[in-house]
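Visitor: I would like to learn how to read strands, sheets and cysteines in a structure. Could you walk me through one?

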Amino acid sequence: MPAPAPAPPLAPIERITAFYAALSRTNHAIVRATERLALCREICRICVDTGHARMAYIGFAHGGRFRAVAYAGPEPEQLSDFRIYVGPGAPQSDAPIATALREERIVVCDDFRNDPRTRTWHELARRLGVASSIAAPVRERGRVCGALALYVDSERFFDAEIQRLVEEMSQGLSFALDHIVREQEHRRAIAEEHTGHERFRRVFAAMPGYTSITDVATRTIVAVNAIVCRSYGYGREEMIGRSWTELGVGIPQEDRVRLGAAEAASRAKTEFLSRVSHELRTPLNAVLGFTELMLEDIAEPPTPLQAQRLAIVRDAGWHLLNLIDDVLDIGRIEAGGLRVDIKPLVLQPLLDAVVSLTQTMAQRAGVTLRPRHAGRAPMAVFGDALRLRQILVNFVTNAIKYNRPGGQVSLDAMREGAQVWLSVVDDGDGMSAKQQASLFQPFNRLGREHTGVQGSGIGLALSRRLAELMGGQIHVQSEAGGGTCMSVMLPAAEVPAESRAAPQSRGLAAARAGPPDLILLDMQLPDMTGLDVLRALKGEPQMSRTRFVGVSANAMPEDVQRALRAGVDDYWTKPLDFAVFTAGLQRLMPSGPAP
């Protein structure tokens, strides 16, 4: 069978449009999904019909082997017994799918017909018209269990934007798999409860005292005898599958109905928020994606006014996307589905990242951000790096938003015994005792929703739950008109040996070996300061033509002047403004690098 003639290559905008359409249809399928295999088949079909994939399949790993369970495309019989060994060193273990499963990341093959990793399928690829592929891991309950693989007839098809959309699709499938598993477990539990009821009914009926069985994991009632039913005024069917709290045991009868209705409403709210938030991501991603494309359009660049308006749309879109992510996180926490990866974390790089992420916001607000952790001995905590950064960024952005022009915000870390305290202190308006009592209520902005400051009131509620998942606590100290201190306390960990080792000798040796035209000095290195490096290199003869620039997130005037007096040629603050950066290079090296 001759290879099919390749279709004309799609323009980048057509590729993105096709994949956004596929992602939208996939999310609709996910919301309706009730059965795992049917969902996988539907997603494969959508990718081929809408996303311009030549073929697509989804499979799962078991016992060290990956097996395809759903497929769309030509010659489906080719994949009826398709298997790949996943473990390192096994046959085909370097295949893109095996690598995606083993390393838990997206793997792209830009030239499928010639790539040595896909040598087993070169002949099949030529016959089916496959030129490039992508494999994205699929998770179930936080663990990689399978992969989504797409194949197209154009080489180098999967650019960064398409990869992001495929990752979004695989995450949506993971979300659906978790939901399907929970529904199956729920139905199985109900069936087991009915079986257990029949099995023990006669025994319970014969017992003279109060007898019940409660599932420890779910805290729901599995079986009760007639005496318990008479005592609490419920029928057996009304009690089975519900918790004692839900039934109002120990609560006055007149409050039981209200309690049951409130808990049912809470469960319905969590499920509704999860589904609606997930469905909102697709059109919002389209808005953000096309806004970026319009802002970066070289052929037809927007006018300054259009660019300003597009930037407003983009910023508002990112704010809404962050809110949706927070709502999804809270929904997952309430459903017990959010996992944290707790391990020792060295704090210096993480705190530096928080400063870099928030420095621009502070500058725009006229607020000075002071990182006080620089220069301290290395510290480490047990925690999840992503979630701890999320908490601290929330603390710092709140401290900036609710501050005043000319105000200050400091970020610090201190160890006390077996705990480490990470604190953000501001000199803003502070909070009254009444406001602090409602601080962690979701969507409660403490009366500041009318101030014009953007926010949702969900960040601190989420931060406290994330801290508790990591075995920590959040503390607040504040008074009206006196500023606020927000702290997260986490268990201390030992600093890894490699983090204590001083790497400055390698950097100094590299600079001496080939003197560069320009050296950017990080003023807050963990092992020695930028001024220490400057003193070590400045007086050496081979460095006589080298220019030195201090770089730091700390923009306090006294720090800048101290660095200039020590001999730096210029001082740039993070994050670097590209226009300032290029202008500085031209000023320091007007004739270009030395030959």
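Guide: Happily! Let's begin with one pair of residues: Cys109 stands opposite Ser133 in β5. Keep in mind that this is a predicted model.

Visitor: Which two strands pair there, and over how many bridges?

Guide: Strand pairing is read from the bridges between two strands. Here β4 and β5, the latter spanning residues 132-140, are antiparallel partners over three bridges.

Visitor: What is the strand order of the open sheet of six strands?

Guide: Reading across, the order is β3-β2-β1-β6-β5-β4, and the pairing is antiparallel. The edges are β3 (83-85) and β4 (107-109); each has a single partner strand, so one side of each lacks a neighbour in the sheet. On average, neighbouring strands of this sheet are turned by 25° against each other, direction ignored.

Visitor: Which helices pack on the sheet?

Guide: One of them is α2 (residues 36-49), which touches β1 (55-62), β2 (65-72), β5 and β6 (143-152). The direction of α2 makes about 150° with that of β1. Helix α3 (residues 96-103) also packs on the sheet, and its contacts are with β1, β2, β3, β4, β5 and β6. For α3, the direction makes about 150° with that of β6.

Visitor: Back to cysteines. What is a disulfide, and how many does the count give here?

Guide: A disulfide is a covalent bond joining the sulfur atoms of two cysteines. In a model, one looks for a pair of cysteine sulfur atoms within 2.5 Å. By this rule, the count is zero disulfides.

Visitor: Is Cys109 buried or exposed, and what about Cys485?

Guide: The cut-off for buried is under 20% relative accessible area. Cys109 has a value of 0%, so this residue is buried. Cys485 comes to 15%, and therefore is buried as well.

Visitor: How many residues of strand β15 are buried?

Guide: For a whole strand, one applies the same reading residue by residue. In β15 (residues 484-493), nine of the 10 residues are buried, so the strand is largely enclosed by the rest of the structure.

Visitor: Which strands pair with β15?

Guide: Let's take them in turn. Strand β11 (residues 380-383) runs antiparallel to β15, joined by two bridges; Ala380 there stands opposite Ala493. Strand β13 (residues 419-426) is an antiparallel partner over eight bridges, and Gln419 has Pro491 of β15 as its bridge partner. Strand β14 (residues 473-478) pairs with β15 in the antiparallel sense over six bridges, with Val476 opposite Met486.

Visitor: What do β14 and β15 form, and which residue in the turn has a positive phi?

Guide: A look at the link between two paired strands helps here. β14 and β15 form a hairpin, with five residues between them. Gly481 in that turn has a positive phi of about 80°.

Visitor: Where in the structure is the pairing parallel?

Guide: Look at the open sheet of three strands, in the order β16-β17-β18, where the pairing is parallel. Its edge strands are β16 (518-522) and β18 (570-573), each with a single partner strand, so one side of each has no neighbour in the sheet. Neighbouring strands here are turned by 30° against each other on average, direction ignored. Four bridges join β17 (residues 547-552) to β18, and Val549 stands opposite Asp570 in β18.

Visitor: Which helix lies across β16 and β17?

Guide: That is α17, residues 530-538, which runs at about 145° to β16.

Definitions and conventions: Residues numbered from 1 in each chain as written. Predicted model: local features only at pLDDT ≥ 70, side-chain atom pairs only at ≥ 80, totals over all residues. Heavy atoms only, no water. Buried < 20%, exposed > 50% of the residue type's maximum accessible area, 1.4 Å probe, protein only. Pairing = 2+ DSSP bridges. Axes fitted to C-alpha atoms, helices over the stretch in contact; angles between N-to-C directions. Contact = heavy atoms within 4.5 Å.
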